[in-house]
Amino acid sequence: MTSLSSSSLVSIFLLLASAFNVLGVEGSIGVNYGTVADDLPPPAQVARFLLESTIINRVRLFDTNTEIIRAFAHTGIAITITVPNDQIPLLTKLGSAQEWLKSNVQPYRASHQYRPNFSWQ
């Protein structure tokens, strides 16, 4: 097995590092925010922590929990709302899908940045 010289290792490291530092490219880091657990902090505390103590700028929610959606209002953190599997058959009809959006997304639209993303569990 051949060994690499230290200058080769440095060159490889710089090449890899430069690949992640492309001018004009903006990265995003996101997390999934689930609520199936014990002793979770209140949503407002979670939103404040993500905003003030991390570089996370995207959150995926697994339902339309109003308290969580309100907690992320005006934070600049983009949210993606996931449609639960059991609701997908209802949303195959245009009228039902429009009603779901009207009830679960529209009331918060002005105070949030949404990602145009459709996903399911």
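Here is a walk through the structure above, from the overall layout down to a few single residues.

Start with the whole chain, keeping in mind that this is a predicted model. Count the pieces and you get four helices and three strands. Follow the sequence from its beginning and these pieces alternate, in the pattern α-β-α-β-α-β-α. So much for the order along the chain; what about contacts in space? Take the contacts between residues at least 6 apart in sequence: 61% of them join residues at least 24 apart. As for the outside, the accessible surface comes to about 9,100 Å², and carbon and sulfur atoms account for 58% of that. Buried residues, meanwhile, make up 24% of the 121 residues in the chain.

Now look for the sheet. Strands of a sheet pair through backbone hydrogen bonds, and they can do this in a parallel or an antiparallel way. Which kind of pairing is found here? The three strands form an open sheet with parallel pairing, and their order is 1-2-3. Strand 1 and strand 3 are the edge strands, since each of them pairs on one side only. If you step from one strand to the next, the twist averages 20°.

Let's take the two pairings in turn. Strand 1 (30-33) and strand 2 (residues 58-61) are joined in the parallel sense over four bridges. For an example you can find on screen, try Asn32, whose bridge partner in strand 2 is Arg60. Strand 2 is also joined to strand 3 (residues 78-81), again running parallel, with four bridges between them. Here a good example is Arg58, which has Ala78 as its bridge partner in strand 3.

How does the chain get from one strand to the next? From strand 1 it travels through helix 2 (43-53) and on to strand 2, making a right-handed β-α-β crossover. Then look at the step from strand 2 to strand 3: the chain passes through helix 3 (residues 66-71), and this β-α-β crossover is right-handed too.

Stay with strand 3 for a moment, and check which way its side chains point. Ala78 and Thr80 face one way, Ile79 and Ile81 face the other way, and all of these residues are buried. Ala78 has a relative accessible area of 1%, so it counts as buried. Ala78 also shows how the fold brings together parts of the chain that are separated in sequence: its C-alpha atom is 8.9 Å from that of Gly30, although the two are 48 residues apart along the chain.

Next come the loops. In the loop between helix 2 and strand 2 you will find Ile55. Is Ile55 buried or exposed? Its relative accessible area is 68%, so Ile55 is exposed. Measure from C-alpha to C-alpha and Ile55 lies 8.4 Å from Ser28, while 27 residues separate the pair in sequence.

Two other loop residues have an unusual backbone angle. Most residues other than glycine have a negative phi. Asp39 isn't a glycine, yet its phi is positive, near 55°. Asp39 sits in the loop between strand 1 and helix 2, and it is exposed, with a relative accessible area of 80%. His74 is the other case: it is not a glycine either, and its phi is about 60°. You'll find His74 in the loop between helix 3 and strand 3. With 69% relative accessibility, His74 is exposed.

Finally, look at Thr75, which is also in the loop between helix 3 and strand 3. Why does Thr75 count as buried? The cut-off for buried is under 20% relative accessible area, and Thr75 has 17%, so it falls in that class. What does its side chain reach? One contact is with the backbone oxygen of Phe72, at 2.8 Å. Another involves the backbone nitrogen of Ile77, which lies 3.1 Å from a polar atom of the Thr75 side chain.

Technical notes. Residues are numbered from 1 along each chain as its sequence is written. This is a predicted model: local features need pLDDT of at least 70, side-chain atom pairs count only at pLDDT 80 or more; totals for chains, interfaces and linings use all residues. Side-chain values use heavy atoms; hydrogens and water are left out. Buried means under 20% relative accessible area, exposed over 50%, partly exposed in between (1.4 Å probe, protein chains only). Two strands pair if DSSP finds at least two bridges between them. A crossover is right-handed if, with the strands pointing away from the viewer, the path from the first strand over the helix to the second runs clockwise. Axes are lines fitted to C-alpha atoms, for helices over the stretch in contact, and angles run from 0 to 180 degrees between N-to-C directions. A polar contact is a pair of N or O atoms within 3.5 Å; within protein, one must be able to donate a hydrogen and the other to accept it, and residues adjacent in sequence count only if both atoms are side-chain atoms. Contact means heavy atoms within 4.5 Å. Accessible areas come from the Shrake-Rupley method with a 1.4 Å probe; for residues, only the protein chains shown count as cover.
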